[in-house]
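Me: Could you take a close look at one part for me, the surroundings of the ligand, and then add a few words on other spots worth viewing?

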Amino acid sequence: MKYIATIISVALAGVFTVTGCSGGKNKASAEAEAADTVAAVTPRVQLIERLGKVRDTGKFAFGHHDDTAYGHTWRGEDGRSDVKEVTGDYPAIMNWDLGLVEWGAGKQLDGVPFELIHDEAVEQDARGGINTFSWHPRNPATKGDSWDTAGGNVVKEAVTGGSALNDTVREWIGRAADFIGSIRDAAGNRIPVVFRPWHEHTGSWFWWGGDNTDTESYRKLWHMTREVFDAKGIDNVVWAYSPDKVDTVEQYMERYPGDEYVDIMGADVYCFDGKDGLEQYAAKVKSTLSAAVSQAEARGKLAAFTETGLESITVPAWYTDVLMPLVKEFPVVYVSVWRNADNIPRHFYTPYPGHPAEESFKAFYNDSITLFAKDISEIK
Ligand code: BMA
């Protein structure tokens, strides 16, 4: 690591010396600037740069939640993946959820042991794939789940210094930080991951969203989250902001925590079947992704379709005829679908062998615009 840093330092010092002439910088300040830049080459920066290369290919990475932890009819079978069984490859992106990490539980809210998440994330990284994390924390006021919106403006209290909830939520965020910071490869280096806390906040279904709080408190929640991660020196997180569907850029940006807190402008938009559902989906994907992409471009950030899907894939050609043409309109670096539950028969978002959407999903995989694990492993 040090060796690489020295090379980069020398190379950058050279660059800054040259540009320094026209910009009026002397060699010493150029070297100081280069040293700053070297200090910034963290796993986070490496992943941002890598995702920038994905964007430059004009392709997008495909992601699936809990991909190797369980599938439509199985759980905890080493190496198994519904996506791989249909396409022959793992998804480029695997999303994992930290829900219950805040309580120090051994398993997260859908029963996946945190140890397994750690090991699967390391394996996904070793195969050249990327990991992302979402978090469905409990309601700190009521101890109910994320969907329990009782307790008033819980976020406001949680971000107010000196309150009981402030201590609790800081501690909870600390546990999320400790887990993410503990994900290291065989050589002991932290693996870079995308983390998108406090997601879908434009809707009112989570205690941190919509009518359950106010703009200032929501922003402070992000700031506090970052403060806790930074105080622990967690340097492997690429931060994603992921509102649910919106109609306008103003709605998309209303509670944006600020450029220094966000690396990826995300969007979560789900599809429901029936003609109205498909039309609505197209309209909402367009309004939401165009907000995400335009803001990403204006602010020098990346854009991603952080969550989507059609439960049960009741429209067999959904992947090729619905999702693909929409995504092709927007330069997103990844598109991630939700989970294939093993214990809720209708709750799956990628086909499994024998499902009517299998052929469409294979065609989606075979389209050169999609990146699965082997493809993305070549983008370093
Ligand atoms: C929801 C559903 C639930 C799950 C939750 C958290 O969308 O998949 O079954 O418990 O996400 O992962």
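Reply: Happy to; the ligand site comes before a helix and a loop residue.

This is a predicted model, in which local features need pLDDT of at least 70 and side-chain atom pairs count only at pLDDT 80 or more, while totals for chains, interfaces and linings use all residues. Residues are numbered from 1 along each chain as its sequence is written, and side-chain values use heavy atoms, with hydrogens and water left out.

Around the ligand (a heavy atom within 4 Å) you will find Leu109, Asp110, His136, Trp147, Trp338, Arg339 and His347. By class, that shell holds three nonpolar, two polar and two charged residues; here Leu and Trp count as nonpolar, Asp and Arg as charged, and His falls among the polar ones. Polar contacts (N or O pairs within 3.5 Å) reach ligand oxygen atoms from the side chains of Asp110 at 2.6 Å, Trp338 at 2.8 Å and His347 at 2.5 Å. Taken alone, the ligand exposes 310 Å², and the protein buries 74% of that (Shrake-Rupley areas, 1.4 Å probe).

Now for helix α7, residues 164–181 (helices are DSSP runs of H or I, at least four residues). Its end C-alpha atoms lie 26 Å apart, which agrees with the 26 Å expected for 18 residues at 1.5 Å a residue (1.5 Å times one less than the number of residues). Its buried residues (under 20% relative accessible area, 1.4 Å probe, protein chains only) include Trp172 and Phe179.

Finally, Asp263 sits in the loop between α9 and β8. Asp263 counts as buried because its relative accessibility is 9%.

Methods: Helices (H or I, at least four residues) and strands (E, at least two) are DSSP runs, numbered from the N terminus. Buried means under 20% relative accessible area, exposed over 50%, partly exposed in between (1.4 Å probe, protein chains only). A polar contact is a pair of N or O atoms within 3.5 Å; within protein, one must be able to donate a hydrogen and the other to accept it, and residues adjacent in sequence count only if both atoms are side-chain atoms.
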